[in-house]
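Reader: I've got a fresh model open and I'd like to talk through its charged pairs and its empty spaces. Can you walk me through it?

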Amino acid sequence: MSKKYAEISKFLSYILRHEPQSVGLNLDIEGWANINDLITCANQSGKEIGLEQIQQVVETSDKKRFVISADGLSIRAVQGHSTKSVSINYDEKTPPEFLYHGTATRFLDSIYKEGLLSGSRQYVHLSQDELTALTVGQRHGKPVALKIKALLMHEQGFKFFQADNNVWLTNTVASKFILQPD
Ligand code: HQG
């Protein structure tokens, strides 16, 4: 992705996941924003973006972070929200036996003590493979991929969801479900 598109992608993440009100935009409960409104709000806030650029960012996003509605009128972030105004009704799904959570080694003591917490986001994010988790963890420091007993959690009543970009979501992960490395 070019630098320009990466910048637009970050801007879209910010307003579609975290602070829509910062540009005066309204998201519906499922996280959808009208694309014309988004462009108007962005431009009025001094951020020059157009329809074509938005479409390009959606299509080329490495993690498929955004989706445009079937009628082409709306856009939303598929996961990663912290804004309380959005509550996406994800379908519950049975996870595979193990899922991975990427984090940094400096968080491990706290994680083993408290479990995985969603922090400012709505959910703890989990990946299907170790490599993806390591890439996520790298954003915070020396990466480590924690192996989570996801199916066992599910069997004990914890809910799992999968966003359109395949990221797995759950509310919290108690430390007893985190496999201790050998
Ligand atoms: C850590 C990116 C101390 C947690 C990625 C993580 C992902 C604890 C950090 C998505 C803790 C939160 C989400 C505890 C959790 N004590 N630290 N008890 N429990 N943590 O960014 O999962 O590029 O909110 O391990 O690819 O890193 O934005 O979550 O290190 O899918 O599209 O607290 O964001 O996607 O960090 O990343 P984040 P995340 P995008």
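**Charges, contacts and voids**

Author: Glu 30 has a relative accessible area of 24%, so this residue counts as partly exposed. Keep in mind that this is a predicted model.

Reader: Which residue forms a salt bridge with Glu 30?

Author: Glu 30 sits in the loop between α1 and β1 (33-34), and its partner lies in strand β3, so the pair ties together parts that are 46 residues apart in sequence. The partner counts as buried at 13% relative accessibility. With the closest N and O atoms 3.1 Å apart, the residue is Arg 76.

Reader: And Lys 47, which residue does that one form a salt bridge with?

Author: Lys 47 counts as partly exposed at 22% relative accessibility. The closest N and O atoms of the pair are 3.5 Å apart, which is within the 4 Å cut-off for a salt bridge. The partner of Lys 47 is Glu 7.

Reader: How many salt bridges are there by this rule?

Author: Besides those pairs, Asp 62 forms a salt bridge with Arg 65, the closest N and O atoms being 3.0 Å apart. Asp 62 is exposed at 59% relative accessibility, while Arg 65 is buried at 15%. The count comes to 3.

Reader: Arg 17 has no salt bridge, so how far away is the nearest side chain of opposite charge?

Author: Arg 17 lies in helix α1 (residues 3-18) and is buried. Its contacts beyond four places in sequence include Arg 65, His 81 and Arg 121. The nearest side chain of opposite charge belongs to Asp 62, at 8.8 Å.

Reader: Is His 81 buried or exposed?

Author: His 81 lies in the loop between β3 (74-77) and β4 (98-104). A polar atom of its side chain is 3.4 Å from the backbone oxygen of Leu 16. The relative accessible area of His 81 is 3%, under the 20% cut-off, so the residue is buried.

Reader: How much space lies in the largest cavity?

Author: The structure holds 1 cavity of 30 Å³ or more. His 81 is one of the residues lining the largest cavity, with Tyr 90 and Leu 169 also among them. The space in the largest cavity is about 40 Å³.

Reader: Which element gives the largest share of the lining of the largest pocket?

Author: The largest pocket has a volume of about 1,100 Å³. It is lined by 41 residues, and those nearest its centre include Arg 121 and His 140. The largest share of the lining, 6 residues, comes from α1.

Terms used: Residues are numbered from 1 along each chain as its sequence is written. This is a predicted model: local features need pLDDT of at least 70, side-chain atom pairs count only at pLDDT 80 or more; totals for chains, interfaces and linings use all residues. Side-chain values use heavy atoms; hydrogens and water are left out. Helices (H or I, at least four residues) and strands (E, at least two) are DSSP runs, numbered from the N terminus. Buried means under 20% relative accessible area, exposed over 50%, partly exposed in between (1.4 Å probe, protein chains only). Lys and Arg count as positive and Asp and Glu as negative; His and the chain ends are not counted. Contact means heavy atoms within 4.5 Å. A polar contact is a pair of N or O atoms within 3.5 Å; within protein, one must be able to donate a hydrogen and the other to accept it, and residues adjacent in sequence count only if both atoms are side-chain atoms. On a 1 Å grid over the protein atoms alone, a cavity is a set of points where a 1.4 Å probe fits but cannot get out, and a pocket is an open set with protein on both sides within 12 Å along at least five of seven lines; lining residues have an atom within 4 Å of a point. Grid points are joined across faces, edges and corners, and a volume is the space filled by probe spheres set on the points.
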